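This briefing introduces one structure to a reader who has not seen it before. Please look over the sequence and the model before reading the notes.

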Amino acid sequence: MLAEHEVSITIKVATIRDGAPGITITTPDRLLGEWPDSRAASLSITDNLAISVRGENGDEHYLITMPGTPVRGEQISDTEALIVVRF
């Protein structure tokens with residue numbers, strides 16, 4: 001039987017490595033993914049601990065769900081959130 005463990009995943013609306021505006025997803029020690037998205041202006045945590053990416057006018061563009069079982073979330077700023085998941 002495998003032991004469960006928790007991982008903190010940070011999601012940001014930020015400048016990605018190629019200099020374009022976009023979304024980054026990281027753990028404390030690893031870049032999990034990034035993609036360009038010039039329409040993303042903010043993000044928020046939903047009731048089921050997914051991430052809602054929103055445009056300048058506040059309209060939701062898409063949802064990002066985390067792998068594993070989401071345990072808790074923290075809205076760090078309007079462009080950054082942290083979700084803790086259990087595997």
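**Salt bridges and exposure**

R86 has a relative accessibility of 30% and so counts as partly exposed. The model described here is predicted. In this model R86 takes part in one of four salt bridges that a search of the whole structure finds. The notes below begin with those pairs and then turn to the strands, the core and two loop residues.

**The pair E4 and R86**

- The side chains of E4 and R86 form a salt bridge, with N and O 3.8 Å apart.
- This pair ties together parts that are 82 residues apart in sequence, because E4 lies in the segment before β1 and R86 lies in strand β8.
- E4 is exposed, at a relative accessible area of 58%, whereas R86 is partly exposed.

**The pair E6 and R72**

- E6 and R72 form a salt bridge in which the closest N and O atoms are 3.5 Å apart.
- E6 belongs to strand β1 and R72 to strand β7 (residues 69-77), and the pair links these distant parts of the chain, 66 residues apart.
- R72 is partly exposed, with a relative accessible area of 44%, and E6 is partly exposed too, with 38%.

**The pair R17 and E34**

- A salt bridge joins R17 to E34, with the closest N and O atoms 2.7 Å apart.
- R17 sits in the loop between β1 and β2 and E34 in strand β3, so this pair ties together parts that are 17 residues apart in sequence.
- E34 counts as partly exposed at 24% relative accessibility, while R17 counts as exposed at 69%.
- Elsewhere, E4, E6, R72 and R86 are joined into one network by salt bridges that share partners.
- As a general point, side chains of opposite charge can pair when their charged atoms come close.

**Strands β4, β5 and β6**

- Strand β4 (residues 42-45) and strand β5 (residues 51-54) run antiparallel and are joined by four bridges.
- Among the bridge partners across β4 and β5, I45 is matched with I51 and L43 with V53.
- Strand β5 also pairs with strand β6 (residues 60-64), again in the antiparallel sense and over four bridges.
- V53 has Y62 as its bridge partner in β6, and V53 is also the partner of L43 in the pairing with β4.
- The hairpin of β5 and β6 has five residues between the strands, and G58 in this hairpin takes a positive phi near 90°.

**L49 in the first of these hairpins**

- L49 lies in the loop between β4 and β5, in a hairpin with five residues between the strands.
- The phi of L49 is near 65°, which is a positive value in a residue other than glycine.
- L49 counts as buried because its relative accessibility is 18% and the cut-off for buried is under 20%.

**The nonpolar core**

- The largest nonpolar core has 15 residues, and those that touch the most other members are I11, I23, I51, I64, M66 and I83.
- β1 (6-15), β2 (21-27), β5 and β8 (80-86) are the elements that give two or more residues to this core.
- In general, nonpolar side chains in soluble globular proteins tend to be buried together.
- Leaving out residues up to four places away in sequence, the contacts of I23 include I11, V13, I16, W35, A40, V53, Y62 and I64.
- Charged residues also appear among the contacts of I23, including K12, E34 and D37.

**D37, a buried charged residue**

- D37 is placed in the loop between β3 (30-36) and β4.
- Which side chain of opposite charge is nearest to D37? It is R39, 4.6 Å away from D37.
- D37 is buried yet has no salt bridge; the distance to R39 does not meet the requirement because a salt bridge needs the atoms within 4 Å.
- The D37 side chain does reach the backbone nitrogen of A40, at 3.2 Å.
- With residues up to four places away in sequence not counted, D37 touches P21, G22, I23, V53 and Y62.
- V53 and Y62, which D37 touches, are bridge partners of each other in the pairing of β5 and β6.

Methods. Residues numbered from 1 in each chain as written. Predicted model: local features only at pLDDT ≥ 70, side-chain atom pairs only at ≥ 80, totals over all residues. Heavy atoms only, no water. Pairing = 2+ DSSP bridges. Core = buried A, V, L, I, M, F, W, Y, C linked by side-chain atoms within 4.5 Å. Buried < 20%, exposed > 50% of the residue type's maximum accessible area, 1.4 Å probe, protein only. Contact = heavy atoms within 4.5 Å. Polar contact = N/O pair within 3.5 Å; in protein donor to acceptor, adjacent residues only side chain to side chain.
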